[in-house]
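Below are my notes on the model you sent. They are set out as numbered points, beginning with a question about a single residue.

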Amino acid sequence: RRSMNDSRDCITIDRDACVVCGACAAACPTEALVVEGLGLVVVPQRCRPCGVAALVCPTGALVCPGGK
């Protein structure tokens with residue numbers, strides 16, 4: 001059984017679709033998404049695959065495990 005901190009349980013980013021607008025980072029309730037430099041970084045230890053960030057992404061660049 002994988003833990004909630006396992007990177008496979010975290011939201012994933014389609015780097016080709018991401019425009020680094022920051023909407024997901026602002027919406028993430030656990031601050032698991034961080035805009036760093038010219039990119040977006042996932043902090044797996046903070047990610048709880050709730051799907052909030054994926055819902056607000058204007059380009060659909062985020063995929064939450066389990067389709068949440």
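1. Is Val20 buried, partly exposed or exposed? With a relative accessible area of 28%, Val20 is partly exposed. Its place is the loop between S1 and H1. The backbone deserves a look here, since Val20 is not a glycine and yet has a positive phi of about 50°. Most residues other than glycine have a negative phi.

2. Glu31 raises the matter of phi again. This residue, also not a glycine, has a positive phi, near 55°. Glu31 sits in the loop between H1 and strand S2 (33-36). Glu31 counts as exposed because its relative accessibility is 53%, and the cut-off for that class is over 50%.

3. On confidence: this is a predicted model, and the pLDDT averages 87 over the protein. A score of at least 70 is reached by 84% of the residues. Residues 1-5 are the stretch to treat separately, with pLDDT below 50. Even so, the model gives this stretch 11 contacts beyond near neighbours in sequence. Among the elements, the mean pLDDT is lowest in strand S1 (residues 12-13), at 93, and highest in helix H1 (residues 23-27), at 97.

4. On the fold: the secondary structure consists of 2 helices and 4 strands, in the order β-α-β-β-α-β along the sequence. Counting contacts with a separation of 6 or more, 53% join residues 24 or more positions apart.

5. On burial and surface: the protein has 68 residues, of which 31% count as buried. About 4300 Å² is exposed, and carbon and sulfur atoms supply 53% of that area.

6. On the core: which members of the largest nonpolar core touch the most other members? They are Ile11, Cys24, Leu33, Leu40, Ala53 and Leu62, out of 15 residues in that core. In soluble globular proteins, nonpolar side chains tend to be buried together. Leu62 can be followed further: beyond its neighbours within four places in sequence, the contacts of Leu62 include Ile11, Cys24, Leu33, Leu40 and Ala53. Leu62 is also in contact with Thr12, Ile13, Ala54 and Cys57.

7. On the cysteines: how many disulfides does a search of the whole structure find? The search finds 0. Cys50 is in no disulfide, and the nearest cysteine sulfur, in Cys28, is 6.1 Å away. Why does Cys57 form no bond with Cys21? The sulfur of Cys21 is the closest cysteine sulfur to that of Cys57, but at 6.2 Å it is too far for a bond, because a disulfide needs the two sulfur atoms within 2.5 Å. The burial of Cys50 and Cys57 can be set side by side. Cys57 is buried, with a relative accessibility of 17%, whereas Cys50 is partly exposed at 42%.

8. On Arg48: this residue belongs to the loop between strand S3 (39-42) and helix H2 (52-56). Its relative accessibility of 38% makes Arg48 partly exposed. Arg48 and Asp9 are separated by 39 residues in sequence, while their C-alpha atoms are 7.9 Å apart in space.

9. Points to check in the display are the positive phi of Val20, the positive phi of Glu31 and the pLDDT below 50 over residues 1-5.

Technical notes: Residues numbered from 1 in each chain as written. Predicted model: local features only at pLDDT ≥ 70, side-chain atom pairs only at ≥ 80, totals over all residues. Heavy atoms only, no water. Core = buried A, V, L, I, M, F, W, Y, C linked by side-chain atoms within 4.5 Å. Buried < 20%, exposed > 50% of the residue type's maximum accessible area, 1.4 Å probe, protein only. Contact = heavy atoms within 4.5 Å. Areas by Shrake-Rupley, 256 points an atom, 1.4 Å probe, with all protein chains shown as cover. pLDDT = per-residue confidence, 0-100.
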